[in-house]
Amino acid sequence: MRVISVPAFGSPDVLRVEERPVPELSPSEVLVEVRAAGVNLMDSYMRRGLVEGVVPPVSLGADGAGVVIAVGADSTARIGDRVAWQFVLGSYADMVAVPRERLVPIPDDVTFEAAAGGLMQGLTAQHLSHDAVPVPGGTVALVHSAASGVGRMLTQLITARGARVIATVSRPHKARSAAEAGAWKVLVRDETADLGAAIRELTDGEGVDFAFDGTGRSLFDVSISSLRHKGVFVHYGRAGGAIPPLDLWEQPDGVHLVHVRGDAPHESTHQWRQRASQVMRWISDGTLDVLIDRTYPLGDAAQAHRDLESQETVGKLLLIP
Ligand SMILES: NC(=O)c1ccc[n+]([C@@H]2O[C@H](COP(=O)([O-])OP(=O)(O)OC[C@H]3O[C@@H](n4cnc5c(N)ncnc54)[C@H](OP(=O)(O)O)[C@@H]3O)[C@@H](O)[C@H]2O)c1
């Protein structure tokens, strides 16, 4: 079977298609035939050597969807089950061994593409907007990069909670995706001379109640200065680089800063599965619309990484083995 590996850190050109034996299962694992694997910024960070503790050679890919083709002695899954998973390294592959605690069933009316495209970012958006920082109806939230990934899912979930979203996207061709996700207003950053002023104007000078920011350094100043008094800044990623060390004294009076490093890292397997099942139900009932931008054959993983890093894509990229 084929696996995409990173023999040494570097550009997308380092990615290799390797032939490997089918993995042997531990009693608690199942073997899944991968039908769709998600391509995430996290994979690109891993390829570039930016993830602490990861050393080459690395088998790439962390999430996906597929069909169970063999089960370990202790697994309750059955051959033929349609399943999705998250945080299983080596998911860019024809087959992957998945620990049973990382599996969630896919409802019949959800495609493999939607399950693979929606689970990880849906779980993150769910955790951010419902658990880490519950967003009440009637409030206004700023969400950056709302045309794809976590930003688009946040826009959908926050809107469903009865709050209004001011979305930002980097380029004009991304605006439609954010609007279709339910954003109240969409600001195109490339076309907005003073983003902070535009956000203030939309909130009658008050500022927003929440700012969800996965860009890190690039938009930190805008996000923090757009908050109303007692507003909450939520930092969940650094797609645009790490925020330099902060002098809290220099920050606006009365704002709250929340850092969410992982996707609910302290929850039990049971809690994770409940949340994952919720995300699947949301995909099934349309609360979450999973936008797939492009799909690629497994062997074109390098091109998928180039496209993701171009910042031009709108929606999720998937590898189809
Ligand atoms: N805390 C967690 O649990 C968690 C979980 C998943 C993801 N994340 C983080 O959240 C951020 C977004 O991840 P995602 O899964 O939503 O990614 P995605 O689906 O690939 O979306 C990426 C979006 O980020 C924006 N972006 C800003 N700077 C970028 C850059 N230098 N290269 C590529 N895209 C850039 C782009 O939107 P614009 O062009 O409109 O800005 C792009 O559409 C990442 O930093 C990721 O590590 C955190």
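**Exercise 1. Which residues does Ala302 touch, not counting residues up to four places away in sequence?**

Solution. Ala302 touches Pro12, Asp13 and Leu15 once those sequence neighbours are left out; contact here is a C-beta to C-beta distance within 7 Å, with C-beta atoms placed from the backbone. Next, place the residue: Ala302 is found in helix α8. Helices are DSSP runs of H or I with at least four residues, strands are runs of E with at least two, and both are numbered from the N terminus. Before going on, note that this is a predicted model, where local features need pLDDT of at least 70, side-chain atom pairs count only at pLDDT 80 or more, and totals for chains, interfaces and linings use all residues. Residue numbers start from 1 along each chain as its sequence is written.

**Exercise 2. Why is Ala302 classed as partly exposed?**

Solution. Count the neighbours: Ala302 has 18 other C-beta atoms within 10 Å, so Ala302 is partly exposed. The cut-offs are 20 or more for buried and 12 or fewer for exposed, with partly exposed in between. Now try a pair: Ala302 and Ala146 sit 156 residues apart in sequence, and their C-alpha atoms are 25 Å apart in space.

**Exercise 3. Which residues have the most contacts inside the largest nonpolar core?**

Solution. Start with the core itself, a set of buried Ala, Val, Leu, Ile, Met, Phe, Trp, Tyr and Cys residues joined through C-beta atoms within 7 Å. The largest one has 90 residues, and Ala115, Ala141 and Phe212 have the most contacts inside it. Helix α2 (residues 112-132) gives the largest share of this core, nine residues. Both domain 1 (2-119 + 267-320) and domain 2 (134-259) put at least three residues into this core; the bounds come from an automatic or database domain assignment. Then zoom in on Ala115: beyond its neighbours within four places in sequence, its contacts are Ala65, Ala84, Ile106, Val110 and Met280.

**Exercise 4. How many Å separate the centres of domain 1 and domain 2?**

Solution. Taken over C-alpha atoms, the centres are 28 Å apart. As for the contact between them, ten residues come from domain 1 and eleven residues from domain 2.

**Exercise 5. Follow the pairing from β12 to β14.**

Solution. Strands count as paired if DSSP finds at least two bridges between them. Step one: β12 (residues 208-213) and β13 (residues 227-235) run parallel, joined by five bridges. On the way from β12 to β13 the chain passes through helix α6 (residues 220-225), and this β-α-β crossover is right-handed. That label applies if the path from the first strand over the helix to the second runs clockwise, with the strands pointing away from the viewer. Step two: four bridges link β13 to β14 (residues 256-259), again in the parallel sense. Step three, the residues: Asp213 has His235 as its bridge partner in β13, and His235 stands opposite His259 in β14.

**Exercise 6. Are the strands of the open β2-β1-β4 sheet paired parallel or antiparallel?**

Solution. The pairing is antiparallel in this sheet of three strands. β2 (16-19) and β4 (58-59) are the edge strands, each pairing on one side only. Between β1 (residues 2-6) and β2 there are four bridges, and Ser5 has Arg16 as its bridge partner in β2.

**Exercise 7. Which helix gives the most to the shell around the ligand?**

Solution. First, the shell: 28 residues surround the ligand, the closest being Ser145, Gly149, Ser170, Gly214 and Gly237. A residue is near the ligand if its C-beta atom, placed from the backbone, lies within 6 Å of it. Helices α1 (41-48), α2, α3 (149-160) and α8 (301-309) each supply at least two residues. Of the helices, α3 gives the most, with three residues.

Conventions:
Contact = placed C-beta atoms within 7 Å.
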